[in-house]
Amino acid sequence: MNPNSLAVYITSLLWLNLIDAKIGYFWHITDLHYDPFHNSQEFHKGCRHNRANVDHNHRNGRHRDHTCDSSWPLIQSAAALMAERHPDTLEFVLWTGDILSSSMEHLSEEVKLEAVRNVTDILSRTFSSQFVFPALGHNDPPPSKKLVDMWMQWLPTEALQTFQTGGYYTIEQSHSKLRIIVLNSVLWAGGAARTDGPHRGRAQWEWLEHVLSKARRKSEMVYLVAHAGPGVEERHNAGSASAAGGGELTPTANARLLHVIRAFSDVIAGQFYGHRHADTFRLIYSEGRPVSWALLAPSLTPRGSGSISNPGLRLYKFDSNTGKVLDYTQYYLDITNTRGELHWAIEYNLTQYYSLREISATSLDGLAERMLNYHDRTLFTKYLTALRVRHTTDTSDCDATCVHVHYCAITRADYHEFRACVRNPASALASRAPHTSAAVLLYAILIIISS
Ligand SMILES: *[C@@H]1O[C@H](CO)[C@@H](O)[C@H](O)[C@H]1NC(C)=O
Ligand SMILES: *[C@@H]1O[C@H](CO)[C@@H](O)[C@H](O)[C@H]1NC(C)=O
């Protein structure tokens, strides 16, 4: 085949793809961290972990305190935005856990369930004709009959069975080849190993591999959805992944999940996680080749662990026939700069913001490589601004070492590889060499197409 007919062939494939695409949308909302005791009268109750900052931030007004978790008015404003920006072809909602503020930890199961019910109710009013698929986080009540009763409006019977025992389930989209797998990452996290986690954690591995094998046989594409995904927290510079706060996957679980993702990368069309209170992404490689991507949505709560951000909500655009993710619109609420009123705005659209031709492991890998350019910080500044949901656009606090840590966090989901990458910038670059030549080849093809 000569280069010209190859170009015609590829172009017609692209066209076929466009014609067949059935555009759908879904919301990804995460880490609401609702704090029922957050109000201006009893301010300290919602902010008890950070007394030192309370007085300072109090002056900014109650919605604007970055040391507080979400107040009820903040949750109401998020629901109102989602109701207002409701596309006709909204297919479902992914809701990836940490519904409750960690300041509720010591409260009774009853109070926690009441708070979860209140959030469930507002979501079911907002999405009266869609299904919401919840994933459990480490700040949420464990699976129980009461949770099943609350969420049976959204989950079919088979899903409720696995949910009640393990907090995980799968959803088959009846009109397409897309399957959603919702995992309970708490079972694979540090804390769970001390309780009944090991047994249920093992059951979840077996179940996951079984569901993925079945999906492959049926030629389905799969979305992996969970509260916490694989990889490390970039802001803990030392890279002590397992020492990080609750909810992190244990080193063993992280390694095993990466293994499963590599083994089924042909079936997995995308991974969607929350937990980090950061807008970022992760790449998984197999023999140096990017084979799978994970997009991490920022939290609704402005409060983070040692970091702060604006509240965010994300609307995905996808091909609902194939599950291929086409783009997303990131919404944010600038709580530092608004005067009292809660005004949500579009922060950016993914493909446009980073000039991506498409969303794939290869294109996101290219983005990570371009971001590492030490001579031109433009792209990295965009990334870091998005990571903090525009809480600040000043990125001068992140020096070259810090840039490198971010790069390692994105491209090294394995805990050992991450630490090695952080220790040794030169070897990190060298190990990428084979794949760089693949990028050059891809570029050559693109040039042929466009000429
Ligand atoms: C739940 O909502 C009810 C009715 O609005 C309210 O009275 C109650 O205080 C709320 N409880 C929690 C924990 O959010
Ligand atoms: C982002 O995409 C949305 C939906 O397609 C569109 O309405 C909006 O104008 C775009 N915004 C920007 C900043 O490009």
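**View 1. Tyr34 meets ligand 1 through an oxygen atom.** In this predicted model, a polar side-chain atom of Tyr34 lies 2.7 Å from an oxygen atom of ligand 1. Two further side chains join in: Glu114 brings a polar atom to 2.6 Å from a nitrogen atom of the ligand, and Asn118 places one 2.3 Å from an oxygen atom. On its own, ligand 1 has 360 Å² of accessible area, and the protein covers 45% of it. (A polar contact is a pair of N or O atoms within 3.5 Å; inside the protein, one must be able to donate a hydrogen and the other to accept it, and residues adjacent in sequence count only if both atoms are side-chain atoms. Accessible areas come from the Shrake-Rupley method with a 1.4 Å probe, and for residues only the protein chains shown count as cover.)

Residues are numbered from 1 along each chain as its sequence is written, while chains are lettered from A and ligands numbered from 1 in the order in which they are written. Local features need pLDDT of at least 70, side-chain atom pairs count only at pLDDT 80 or more, totals for chains, interfaces and linings use all residues, and side-chain values use heavy atoms, with hydrogens and water left out.

**View 2. Here is the shell around ligand 1.** Which residues are around ligand 1? They are Tyr34, Pro36, Glu114, Ala115 and Asn118, where being around a molecule takes a heavy atom within 4 Å of it. The shell divides into three nonpolar residues, one polar and one charged. (Ala, Val, Leu, Ile, Met, Phe, Trp, Tyr, Cys and Pro count as nonpolar, Asp, Glu, Lys and Arg as charged, and the others, Gly among them, as polar.)

**View 3. Asp35 sits in a loop.** Look for Asp35 between β1 (23-29) and α2 (43-46). With 0% relative accessibility, Asp35 counts as buried. A polar atom of its side chain lies 2.9 Å from the backbone nitrogen of Phe37. (Buried means under 20% relative accessible area, exposed over 50%, and partly exposed in between, with a 1.4 Å probe and protein chains only. Helices, H or I of at least four residues, and strands, E of at least two, are DSSP runs numbered from the N terminus.)

**View 4. Ligand 2 has its own set of residues.** Thr329, Ile346, Asn349 and Gln352 surround it. The side chain of Asn349 has an N or O atom 2.4 Å from an oxygen atom of ligand 2, and a polar side-chain atom of Gln352 lies 2.6 Å from an oxygen atom of ligand 2. The protein buries 41% of the 360 Å² that ligand 2 exposes when taken alone. By class, the shell holds one nonpolar residue, three polar ones and no charged one.

**View 5. Six strands form an open sheet.** Their order is β3-β2-β1-β10-β11-β12, and the pairing is mixed. Why do β3 (131-134) and β12 (344-349) each have a side without a neighbour in the sheet? These two stand at the edges with a single partner strand each, so one side of each is left free of a neighbour. From one strand to the next, the twist averages 25 degrees, taken between lines fitted to C-alpha atoms, with angles from 0 to 180 degrees between N-to-C directions. Strand β11 (residues 325-333) runs antiparallel to β12, joined by five bridges; among them, Gln330 has Tyr348 of β12 as its bridge partner. (Two strands pair if DSSP finds at least two bridges between them.)

**View 6. Strand β6 is mostly covered.** Five of the six residues of β6 (residues 221-226) are buried. Strand β5 (residues 178-182) runs parallel to β6 over five bridges, with Ile181 opposite Leu224. Strand β7 (residues 268-273) also pairs with β6 in the parallel sense over five bridges, and Val225 has Phe272 of β7 as its partner.

**View 7. Strand β9 has two neighbours to follow, β7 and β8.** Seven of the eight residues of β9 (residues 289-296) are buried, so this strand is largely enclosed by the rest of the structure. Three bridges join β9 to β7 in parallel, including the pair of Gln271 and Ala294. With strand β8 (residues 280-286) the pairing is antiparallel, over seven bridges, and Phe281 stands opposite Leu295. In the hairpin of β8 and β9, two residues lie between the strands, and Glu287 takes a positive phi near 50 degrees.

**View 8. Helix α7 ends just before Gly167.** Among the residues of α7 (157-166), Ala159, Leu160, Thr162, Phe163 and Gly166 are buried. Just after the helix, Gly167 takes a positive phi of about 80 degrees.
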